[in-house]
Amino acid sequence: MNRVECAIIGAGWAGLSAASMLSACGREVLVLEKARGAGGRSATRRQAGFSLDHGAQYFTARSDAFVQQVQAWRDLGLVQSWDPSIEVIGDRPDDAGQRPSERLVGTPGMNAVLGYLARPLACRYGWHLAAMQYKDGQWQLESAAGERIEAKHLVLTAPAPQTLQLIGKTHPLADRVGAVRMAPCWTLMVGFDRRLDQAPEAAFVNSGPVSWLARNGAKPGRQEESWILQASGKWSSAHLEASPEAVIEALWPVFLELVPAAHGRRPALKTVHRWRYAHADNPLDCDFLACADQRLAVAGDWCAGNRIEGAWRSGRAAAAWLTQRAD
Ligand SMILES: Cc1cc2nc3c(=O)[nH]c(=O)nc-3n(C[C@H](O)[C@H](O)[C@H](O)COP(=O)(O)OP(=O)(O)OC[C@H]3O[C@@H](n4cnc5c(N)ncnc54)[C@H](O)[C@@H]3O)c2cc1C
């Protein structure tokens with residue numbers, strides 16, 4: 001069995017910010033991620049010659065600490081400002097009228113910073129944690145393929161329902177983790193060979209089946225004519241188990257309504273992705289959860305108020321807690 005000091009489950013914002021901080025503090029770290037690369041829900045998919053941000057669309061930086069960190073990534077060319085023309089369709093929710101701070105995107109894709117953070121770290125991709133138990137002062141982790149790894153400290157950063165499944169319903173943290181509900185999001189990705197004569201570049205849609213439209217190719221560092229349409233949480237929940245074909249059939253007419261220039265144009269790419277756990281409806285307000293007896297920290301956007309900045313903060317708070325532990 002392989003042994004490591006700190007195992008981090010998940011190579012998204014929370015996992016990689018935790019792993020970077022622990023590594024910088026001299027801890028031996030191993031990141032275990034079930035997907036083929038870093039990013040998590042801040043994902044970039046490459047398909048049919050297109051590169052699409054089909055998860056997080058952009059992010060904001062509100063705290064001084066994150067603003068400072070973002071500036072360092074900006075200096076490295078990993079982050080740029082995105083200032084699209086945005087249409088608002090339907091009645092605004094109460095808080096949507098406030099213009100947020102600057103919108104930021106990873107370049108060339110939303111996973112750019114995550115790839116950068118992961119590079120110097122020991123990461124195992126395609127490693128799906130299937131079972132875990134704390135025994136004799138060590139975490140024994142087992143992958144879906146049957147590989148075992150032992151760790152003294154463990155940081156879990158999977159979405160709340162997946163974390164609950166891993167820790168089990170009788171764990172001391174189970175009630176808090178189990179209280180978080182996460183809504184799904186069906187995402188339509190569309191690519192064209194030639195440019196469309198279409199404005200605006202993004203839309204908040206506050207009624208009907210979709211909630212967001214963006215011309216992905218108009219973000220800095222992207223070139224192709226590609227679009228992202230996200231279904232609302234309500235629609236996605238109601239169609240959670242629908243087939244990809246049925247979802248494309250339902251969302252395509254909505255896309256054409258919002259992007260009339262696409263009428264009569266045959267897309268080179270038209271596909272969907274289902275995020276089963278996209279956003280927490282009721283995120284906790286605690287940065288992270290800890291079980292000191294088991295040297296376990298649980299982190300993620302759903303602990304720290306949703307969104308990328310929350311995930312980053314959550315991972316770092318979990319790492320800071322672990323580094324403060326003498327053992
Ligand atoms: C469609 C969509 C749109 C969004 N739009 C925005 C936006 O515009 N702005 C914004 O700020 N945020 C947005 N978000 C939210 C943002 O993506 C998240 O807040 C952030 O990416 C969460 O990071 P995380 O590290 O907490 O979790 P994740 O990114 O989910 O990372 C968890 C990682 O753990 C891995 N994992 C899970 N279980 C296991 C296991 N058993 N074994 C191994 N690995 C495992 C997963 O594969 C994943 O990589 C959006 C999310 C979605 C889905």
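In this predicted model, the shell of residues around the ligand is made up of 17 nonpolar, 14 polar and five charged residues. Of the 36 residues that surround the ligand, those that come nearest are Gly10, Gly12, Gly40, Ala158 and Asp301. Several elements of secondary structure contribute to this shell, with at least two residues each supplied by helix H1 (13-24), strand S2 (29-33), strand S12 (182-192), strand S16 (269-280) and helix H8.

Strand S12, one of these contributors, is mostly covered, as nine of its 11 residues are buried. It pairs with S16 in the antiparallel sense over nine bridges, and within this pairing Thr187 of S12 stands opposite His273 in S16. S12 also pairs with strand S15 (residues 225-231), again in the antiparallel sense, over six bridges, and here Phe192 stands opposite Glu225 in S15.

The largest nonpolar core comprises 91 residues, among which Ala7, Ile8, Val31 and Val155 have the most contacts inside it. Helix H8 (residues 307-324) provides the largest share of this core, namely seven residues. When neighbours within four places in sequence are left aside, Val31 is in contact with Ile8, Ala11, Gly15, Leu16, Ala19, Ala118, Leu121, Ala122 and Cys123.

Helix H2 (residues 64-75) was compared with the span expected for its length: at 1.5 Å a residue, its 12 residues should span 16 Å, and the end C-alpha atoms lie 17 Å apart, which agrees with that expectation. Just after H2, Gly77 adopts a positive phi of about 80 degrees.

Definitions and conventions. Residues are numbered from 1 along each chain as its sequence is written. This is a predicted model: local features need pLDDT of at least 70, side-chain atom pairs count only at pLDDT 80 or more; totals for chains, interfaces and linings use all residues. A nonpolar core is a set of buried Ala, Val, Leu, Ile, Met, Phe, Trp, Tyr and Cys residues joined through C-beta atoms within 7 Å. A residue is buried if 20 or more other C-beta atoms lie within 10 Å of its own, exposed if 12 or fewer, and partly exposed in between; C-beta atoms are placed from the backbone. Helices (H or I, at least four residues) and strands (E, at least two) are DSSP runs, numbered from the N terminus. Two residues are in contact if their C-beta atoms, placed from the backbone, lie within 7 Å. A residue is near a molecule or strand if its C-beta atom, placed from the backbone, lies within 6 Å of it. Ala, Val, Leu, Ile, Met, Phe, Trp, Tyr, Cys and Pro count as nonpolar, Asp, Glu, Lys and Arg as charged, and the others, Gly among them, as polar. The expected span of a helix is 1.5 Å times one less than its number of residues. Two strands pair if DSSP finds at least two bridges between them.
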